[in-house]
Amino acid sequence: MKRFTSLRLLVSGASATFLRFPLVLTTAAVAAASALALVEDSDNALPLRILLTSQLGIPLFFALSIFTESHRWSRPKHVLLLLGGLGALATYFVLLPDWVTPAAGIRYAQFNAGLHLLVAFLPFARTNQINGFWQYNKSLFLRFLIAVFYSGVLYVGLAVALAAIDKLLGVDVEGESYLRLWIVIAAVFNTWFFLGGVPEDLPALEDVKDYPKGLKVFTQYILIPLIVVYLAILTLHLGKIVVTREWPSGWLGYLVSSVATAGILAMLLVHPVKGETGNKWVGSFSRWFYILLSPSIIMLLLAIWKRIDQYGFTEKRYFLLLLAVWLAAISIYFVFSRSRNIKVIPASLCIIAFATAYGPWGASSVSRRSQTGRLENVLVEAGLLAGGRIGRATEEVPFDDRKEITAILTFLIENQGTRGIEPWFGEAFAELDTLQQSTAPWGRSTAPRVRALMTHMGLEYVPKWQSIERGNFYFNIDHGDRTYAIDAADYYVKLTRPAESHYIIPAPGDTLSLVFDTDRSSFEIRRDGETVIALALALLFEQVAGHKQASPNTTRFPPEVMRIEGENDRARMIIYFNSISGDIEGERRSARHFDADCFIKLK
């Protein structure tokens, strides 16, 4: 009888939880179903859109339900609020693109974070119950940990059972079955179990004085000492910056944000005991923490702004700047405010997450305008953009400019799409960017799309890892009729050896030689060790570069392009190249092999 009583209690508890949070559990079930559909057909965009939308519905409907409970709203008002939530979810579903772009993914992360922050403070938004707010979030956090533990144990147990059925009983169990099992447990069981432990009488939590002793020990003797150590490291780092006058490294942003996060978490964890006897140090530490963190925040703001001034806004820099500004505002609030209401922390972060998701001030819009503007400036300076239309390069574009153009195009196509640059290319864009029509996000390759646009402008693609111009070159003559203007040359040398070759020229009563000087990258005629005339390969590279403006990807050139000559008062030298190859490093081009005909006339 006890077993049946326990089973009835379990069913009764599960039913009560469903009646309390029907939309939360419904959206969790929809999320599980759409995830299972994605397992079956990963190329179908509809289940992905349903999955993302329903996942947002879990924290949204939980926040709305718990809010109406805490304020004891009537049933009609409660239903009306939930219907408003359904409308918001439907709007998000309609605005969500078929395949989630990085920009849409960032907005999803913002909405997800904002809704979870909403869960943290919304039930206590209109009350002064600071202790109840803390106890509520403590209960949610502990219940979440327990739910994760139970879900993990249940999954491992059932997965082992499936493996036993497969191996011992000979029943074929597909590999996807384990993934399907995890989806159901994580989305449905975990959510249901978590909701079953949510406190029902939230106003009564204000009178609860329960504080886990282990939490106090962890915060006081482990977390806070670590924060002090990192604050000391930050202070020493700032001292080094002042002394050496070297701009802070990229690590500063990660270190400041990590220390700030740990410090704020510590302040929240020990907040209920700060007024108790023997714990007065908590208030002092809280105030001094923000004071000592302030110089690092100022330096972080300067470092971010310098980076933005150089390279413009990206979503990452946008949010890092936003975080630094928020930290500065929170520090000012907790240093000078008497109330020091900890609800300000999740509430302000929630507002920021929602407010910056859309609109001209949002992360995506600011980033797109900034990078499009940078690209426009570079193209105009390079003579590639005039009157709002892209043209072909008419002269050599420096390596750094080509790399910057490649990087900005890559960023825009990967994160923002092409709508900001399409008008520049006109009708040719549709033909150039045919790869954008792929059916799945993993079928869209950015590099070929950028290469096509770069080629249209007469530029070479530069990978982001390439710090200086590196590579190989191979130039070949475009075979056809060729006339050698030798003008009664005295000597002829066939250059068919590696570039380090030393050629002895048989000259009666003379010691004459032709040497390729690898350091100077030039051919030199020497008599008794003295240079008579030199002809630099740079002349050939200049002629090739000029011809490549019209045909950037060609390796075959007309005979007149593959010919160089030089003359002084002692000699004249002409070299007709059939082919030449070598290495590129920065501005330097080093020839390794060549096949050429050299004619020399002494005066």
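# A guided tour of the predicted model

Begin by selecting Glu40, Glu174 and Arg180, which a network of salt bridges links together. The model is a predicted one, and the residue numbers used on this tour count from 1 along the chain as its sequence is written.

**Stop 1: the loop at Glu174**

Keep Glu174 selected and display the backbone on either side. Glu174 sits in the loop between α6 (130-168) and α7 (176-196). With a relative accessible area of 44%, Glu174 is partly exposed. Add Ala163 to the selection: the two residues are eleven apart in sequence, and their C-alpha atoms are 10.0 Å apart in space.

**Stop 2: the loop at Arg72**

Next, select Arg72, in the loop between α3 (45-70) and α4 (75-95). Its phi is near 50°, a positive value in a residue other than glycine. As background, most residues other than glycine have a negative phi. Is Arg72 buried or exposed? The relative accessible area of Arg72 is 59%, so Arg72 counts as exposed.

**Stop 3: helix α5**

Select residues 102-121, which make up helix α5. This helix has 20 residues and reaches 29 Å from its first C-alpha to its last, close to the 28 Å expected at 1.5 Å a residue. Colour the buried residues of α5, among them Arg107, Tyr108, Phe111, Leu115, Leu118 and Phe121. Small residues are in the buried set too, including Ala103, Ala104 and Gly114. When viewing the pattern, recall that an α-helix has 3.6 residues a turn, so residues three or four places apart point the same way.

**Stop 4: a nonpolar patch**

Switch to a surface representation and select Val217, Phe218, Tyr221, Ile222, Leu226, Val229, Tyr230 and Ile233. These residues form a nonpolar patch on the surface, and together they have about 750 Å² of accessible area. Within the patch, pick out Leu226, found in helix α8 (residues 213-244). Leu226 is partly exposed, its relative accessible area being 44%.

**Stop 5: a salt bridge between two helices**

The structure holds 15 salt bridges. For one of them, select Arg374 and Glu404, whose closest N and O atoms are 2.5 Å apart. Arg374 lies in helix α13 (residues 363-381) and Glu404 in helix α14 (residues 399-416), so the pair ties together parts that are 30 residues apart in sequence. Arg374 is buried, at a relative accessible area of 15%, whereas Glu404 is partly exposed, at 25%.

**Stop 6: strands β10 and β11**

Move to strand β10 (residues 563-567), which runs antiparallel to β11 and is joined to it by five bridges. The connection from β10 to β11 is a hairpin through three residues. Within this pairing, Gly566 stands opposite Met573 in β11. Now show the side chains of Arg563 and Glu565, which meet in a salt bridge with an N to O distance of 2.8 Å. Arg563 is partly exposed at 23% relative accessibility, and Glu565 is likewise partly exposed, with a relative accessible area of 32%.

**Stop 7: strands β11 and β12**

Select strand β11 (residues 571-585), which pairs with β12 in the antiparallel sense over 14 bridges. Which residue of β12 stands opposite Ile580? That residue is Phe594. Elsewhere along the pairing, Met573 has Ile600 as its bridge partner in β12. Of the 15 residues of β11, 13 are buried, so the strand is largely enclosed by the rest of the structure. While inspecting the side chains, note that in a regular strand they alternate between the two faces of the sheet.

**Stop 8: strands β4 and β12**

Stay with β12 (residues 588-602) and add strand β4 (residues 491-495): the two run antiparallel and are joined by five bridges. Select Lys494, whose bridge partner in β12 is Asp597. The side chains of Lys494 and Asp597 also meet in a salt bridge, at 3.0 Å from N to O. This pair, with Lys494 in strand β4 and Asp597 in strand β12, links distant parts of the chain, 103 residues apart. Lys494 is partly exposed, with a relative accessible area of 35%, while Asp597 is buried, at 6%.

**Stop 9: two cysteines**

Finish by selecting Cys350 and Cys598. Cys350 counts as buried at 3% relative accessibility, and Cys598 counts as buried at 0%. How many disulfides does the structure hold? The structure holds zero.

Methods: This is a predicted model: local features need pLDDT of at least 70, side-chain atom pairs count only at pLDDT 80 or more; totals for chains, interfaces and linings use all residues. Side-chain values use heavy atoms; hydrogens and water are left out. Patches are made of residues with over 30% relative accessible area and no salt bridge: like charges are joined within 9 Å, nonpolar side chains (Val, Leu, Ile, Met, Phe, Trp, Tyr) within 5 Å. Accessible areas come from the Shrake-Rupley method with a 1.4 Å probe; for residues, only the protein chains shown count as cover. A salt bridge is a side-chain nitrogen of Lys or Arg within 4 Å of a carboxyl oxygen of Asp or Glu. Helices (H or I, at least four residues) and strands (E, at least two) are DSSP runs, numbered from the N terminus. Buried means under 20% relative accessible area, exposed over 50%, partly exposed in between (1.4 Å probe, protein chains only). Two strands pair if DSSP finds at least two bridges between them. A disulfide is a pair of cysteine sulfur atoms within 2.5 Å. The expected span of a helix is 1.5 Å times one less than its number of residues.
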